[in-house]
Structures are given as C-alpha cells and as structure tokens.
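Please open the model in your viewer, with the chains coloured separately and the backbone drawn as a cartoon. The tour then goes from one selection to the next.

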Amino acid sequence: MADWQIDLIKVVFIWVWVLLIAVIMTWVERRASAMMQDRLGPNRAGPFGLLQPLADGIKLFTKEDIIPERARKILFILGPPLFAFPVFSAFAVVPFGDKIVIGGKEIILQVSDVSIGFLYVLALSAIAVFGMVIGGWASNSKYSILGGLRATAQLISYEVPMGLALLTIVLLYGTFSLREIVLQQQGTFLGFLPNWGFFKQPLGFLIFLVAAYAEANRVPFDLPECESELVTGYHTEYGSMRLGLYLFGEYVNLVTLAAITVSLYFGGWGLPYVDMSKYLGPVAYGIASFLVFTLKQAFFLFLFVWVRWTVPRFRYDQLMGLGWKALIPLGLINLFVTALLVQLTI
Amino acid sequence: MTKELETICITTGPTEVGEYVTLNIGPIHPAMHGTLRVITQTDGETVVSAKPEIGYLHRGVEKLGEHLTYAQFLPLTDRLNYCSAICNNVAYEMAVEKLLGIEVPPKAQLIRMIMMELARIADHQVCVGILGVDLGALTPFFYLIIQREEIYEIFEWHHGARLTNSMGAIGGVEADLPERFHEKWPRLRDTIRKANDETDKLLTHNRIWMDRTIGVNAFCGDDALDWGFSGPMLRACGVKRDLRKDEPYLMYDKVKFEVPVGKHGDVFDRYMVRMLEMEESIKIIDQAYALYKELPDDAPLMKKVPKIIKPPEGQIYHAIESPNGELGFFIRSDGTDKPYRIKIRPPCYMVYQAFEDLVKGEMISDLIACLSSLNVIAGELDR
C-alpha cells in the first residue's frame, strides 16, 4: 500500500472513531447522570437505550430548519460548521496509539505528526469559539448575543492559562510534537513514579484541566449556554441539525480535550512499569496501545460527566476572577519554577 | 400594535436608548417559575432596573369567591400556592370557622397540622431544588423531588389528590390518617433527612455555591419589615417572626420547635432557613403524631356544621404561617350563603414588590438566583 492510502485509511478510521465516541458520550452522559440522580435515563431505544443517540440524530435531521427573519443569514448558516469543523480536525495530531506493523510496514498510529503539535490544537480551539460568537451575533437575539459575548470573554480568559500550562510542557520535553512528548513519558523517574507529565507538572495539570473545562463549556463553566439564565445562550435560535452540530461539536470537543490531557499528562498509550512491546507481537501491540489510550481517555470523559452533575455554575465575573486572579498568576509561577528547574538540571 | 408598544413603554419607564439594553425576561423563560415577567435594563450584565410585571396568571379568584358558596370556594384555594395547596385549604377553612365561631375537634386539628407540615416540607424541597437548578446544580433537585413524591403519596392516601388537594372541609377533616401512614412516616422521615443531608453535602459548603449565594441581594430586617415580608424571607433577614410561635393556631402551642433565623437576608440565608425549617417540620410532625396517638380511635373528626353555611354578618381576617410566609384570608359576610368579599393576602406578593430593590446593581445571574430564592408562585401572586 502506498503511503497516501494508509493516510486515507487512518483519516477515515479516526473520523469514524471520534464520531463513535462522541455518540457514545451523549449516551453515557444521560445514563451516568441518571445514575447519579436516582433516575433510569433513556432505556427504551435498543438495549440499555444505546440507540438513543441514533434516534436523536434522526430527530434533529428531520426537524424543520428555521432561520429567524432578522438573522444575518450567511453568518447564521456559517456559525455551526465553524464550530464543528475545527473541533473535528483537532484530533488529527493526537497519537492514539504507538505503532502497528502490518505486512512488514510500520504504521504510526497518528493521522499526522506535525512539528507544531498542540499549537495546532490551540489554534483550532480558538477558531471554534468564533463559531459560538458568530452564531450568537447572527441570531439577532439578546440572549444569544449575551451568550456569544460570554464565550468571547471566556476564550480570552482561559486560553492564556491553558497556554501557560502547555508552555511548561514544552520546556520540560523540548518539543511541540504530541508524539514526541508521549514517547518521553514512558519509563519511570525517581525510581518509582511513572514518567508522566502529571507527576512532573501537578500544578500545570490542574491549571490545564480547569482551562479545559472552561474550553469545553461544561458546568461549572457553561456560561455561554447557561440554560436557566440565557435560555441556552448562543444557540437559542438554532434548531434542527444546526443545533445538532453545536451540541455534537461539544462532545467531539470533549473527546479531543480528553485525548490531549492523556497525551500530555498521563503517558498517552503507555502503561506504567510495563513495556508492552516486549510481551506482545507487533500487531497485538498496536491494538493494545490503542486500547490503553482509549481507556485513559474514557476516564477523563467520565470525569467531565461526573463534574458536570456535581457542581453549580459560576457567575460571569467569578469566572473571570478565577481566570485572571488565580489561574494566570499560578500559571506564571509554575512556568517560572519549571524554567528554573530545567535550567538548573540541564 | 402602537397601543401595545405604549403599554410596554409605560411599564418600563423612560428608556435611555444607546446606554442600556432592555432585556425582557419571561413570561416564557426557563428560570421564570410560572408566568412571571421581569423587564430589565442592563448595563452589560449588570441590572440597572428590573420591573416585574404581574398578572399573567390572573384568574380572578377573589371575585369568583363572591359568586360561590363557602364550601364551593375551597377547591379554588388549591390554585393559589400549588406547591403547598393544603396550607391554603386550611387557612381558608380556619378563616370561615373563625367567622362561624366554631372550634374544630382536636383530632382534626392534629391531622391538619401533620398535613400542613408535610406540605411545608414539600414546598421547601421544591424551592431549594429549583434554586439549585437555576444555579446549575441539577442533581440535588432529583434527590428532593423523589421525597416530595413520597409525601404526595401520603396526601393521595388521605384525600385522594396529590397536587390540588382540597383537603378537609369547613368544620374539620374528612378522613382519619390513612392506615399506611403509620408505617410510612418513620421510613419517610429517615429518607427525607437523608435527601436533605445529601443536598447539604452537595451544596452548602460547596465553594461555587457559597460564592453564588453568600452576599447576593442581601436585605436588612428593617427594610424587609417595611416591605411587608414574612415567612422564610423575613426570617432570613434576621427577624424572628413565625405565626406558629407568635400567634399560635391549631395546636402549635403544644409542640416544641425552633424558628431558624438568618442574618444577612441573602440567598444563602434563605436557602439555609428553608433547609433548617424542613428539619423543624419533621420534629413538629413527630410531636403532633404523638399527640394524635394519645387520642381515642373514635374521636370525632368533624364539628357539626349546617349543610348550607350562612355565617353571621361581619368580617374576619385570619392568617397562618404558610411555607412562604403569612397567608391571610379576609372574609366579609353579609349573612347570606356567599361571601360578600374575599381578599387573600399572599406572602409572595409583598416579597415580589421589593424585587427591584433586591436585584438592582447585581448581575443577571443573581437576578435568576434571587427569583428562585424568593419562591414566588405565580398562582398565589396573581390570584
């Protein structure tokens, strides 16, 4: 097989895979929240209600598509895809496994190992916010515009601490490539701790996680939507599959964020203390590394759900306060200390 | 069209175009409980003015009362505060009984007390749960609402209805406590406590919850008295006034209970007062049930009243401590079988008129939190 064919297969595979996880996530969200709230959750469509996301998809596709009369039509139509495309493409740089050898050909389990790595992810997530802002603006509704404005403010406040947290990772590993970073996280340090970013950067991880929640628009940071105040905020006026793109895009965003968290801080596909490649054949190793990665990712996806149904939401100014007064100073201190340590040890 | 616009302008007052945004919240809005409407002017997210507009659920209950006999009016009282309909029923029944000058048998009084306190718990559960929902914490709502369903089960056993109860009649109650109540209550008491405990764990000491509620639209006791606040709203402001203690009716003077009082009158204090009151209500029910047990099984439930009630000429005002505060019925009788005039004093009307003072200068999110914590029930407000 030529390289381009392999790439094509990888692209299609990862596209389907991300979609699948996102679809399952919508189901997990409902069932897990039901579990936490002494309810049953959707259990009619298929076994355990597993076909519920499918039913939802059909419903959203067949609904009437309404564009409000005074909306800015082009921008209104542009909003949802502008949100959904970047979050879909962000997964391209995530290494979802080590490598697999098929027919004597070594295939890296990553769509594209670009040298700018997670800068690409940051850039795309910044573009995705435009989808919300434009959607809120174009709807010509006061609730939507408030949601859009909140999304903008949230982006500015939380991209910075996230960037600061990621900078320390760059300092530590000396590369932007997610694959390189994961490779450097294998093995142990100090004799017993896994060589994970989490153990080297606990504060950085915390900052990154909080910023990731804000990035994903989840409770406690779901201010742009904020159903009880802004009537679902920036997508109040959307219906049919346009709304579906927004809602679904959010879950895809979660999948990507969880994958990046795993890659940066939890050793990606590697198991701590065990080198799987020694015990498994080349094909089995590829599959096993993929499974380990997915399991770690699943944990963080569940964490998203768990937090969402546990805590209340912040107020707008408190959210800003947390970003500017707590996370950014902490991020700067963390960056400074890390830089000092790196300078001293090298 | 122009006429409509005119009325809106009158209700909102002069608008400073270009400076503030007029944001119309309600009557159809997820956070508006029932059909409330608030016309706000906002500077960014800060509320500059908030004019509540009422009347979307006005059904003319008071006027209807003039055309119905005393007994026929009873089901209409259910539709006032539909979260705790029993309290409305009993308040009305007691007002008419006072007018007639009759004393209800002790057993009926105790059953009324038990049912009213159950209704109070149910009402507070809804209020606290909804406050959580509006602040983004959905989970406690379900813990509480499951217990409310159990309480409604008792109502159903006793008088057949769950939400609009129409419990009792003028002169007493129609039925004894249901058989199943005796084994249900001890279990239910524990589960209510457990649900409250879980809610407490999830919310009270949660940093985000504290940030969202402490100091949000704080209100001082003197202002609250001036506005005519009553019930948990007033007690949250630090004024210890509870009609059950101050002007005891039924057998409230025979039971021991505390009156929880807040300090700052902010959303957190209102929440805490309601949480603590649920516990006190449980204590009251326990004591009332003990008193009930002392009575013989065949004690009368109803005082004999004529089939067609014709109170003597005169007027009466009787108020009870409903979950929301002082719920009063003023009845003027002209000696016929229909009241000449009925006036209802709903607690949340007095609270809601202070709404602008409460939320001015705060943010839209606080406005929503404030509205939930007031527990304004549209049915009671508009009547």
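The stops below take in a sheet, a long-axis check on one helix, and a helix pair.

This is a predicted model, in which local features need pLDDT of at least 70 and side-chain atom pairs count only at pLDDT 80 or more, while totals for chains, interfaces and linings use all residues. Residues are numbered from 1 along each chain as its sequence is written, and chains are lettered from A and ligands numbered from 1 in the order in which they are written.

Select residues 314–345 of chain B first, where 3 strands form an open antiparallel sheet in the order 4-5-6 (strands are DSSP runs of E, at least two residues, and helices of H or I, at least four, numbered from the N terminus; strands pair if DSSP finds at least two bridges between them). Strand 4 (314–322) and strand 6 (339–345) of chain B each have a single partner strand, so one side of each lacks a neighbour in the sheet. Between strand 4 and strand 5 (residues 325–333) of chain B there are 9 bridges, and B:Glu321 stands opposite B:Glu326.

Now move to chain A and select helix 5 (residues 142–173), whose 32 residues reach 46 Å from first to last C-alpha, close to the 46 Å expected (1.5 Å times one less than the number of residues). Just after this helix, A:Gly174 takes a positive phi of about 65°.

Finally, select helix 10 (residues 240–265) and helix 12 (residues 282–308) of chain A, which pack at about 120° with axes 8 Å apart (axes are lines fitted to C-alpha atoms over the stretch in contact, and angles run from 0 to 180 degrees between N-to-C directions). Among the residues that meet there are A:Leu254 of helix 10 and A:Phe293 of helix 12 (C-beta atoms, placed from the backbone, within 7 Å).

Key
Contact = placed C-beta atoms within 7 Å.
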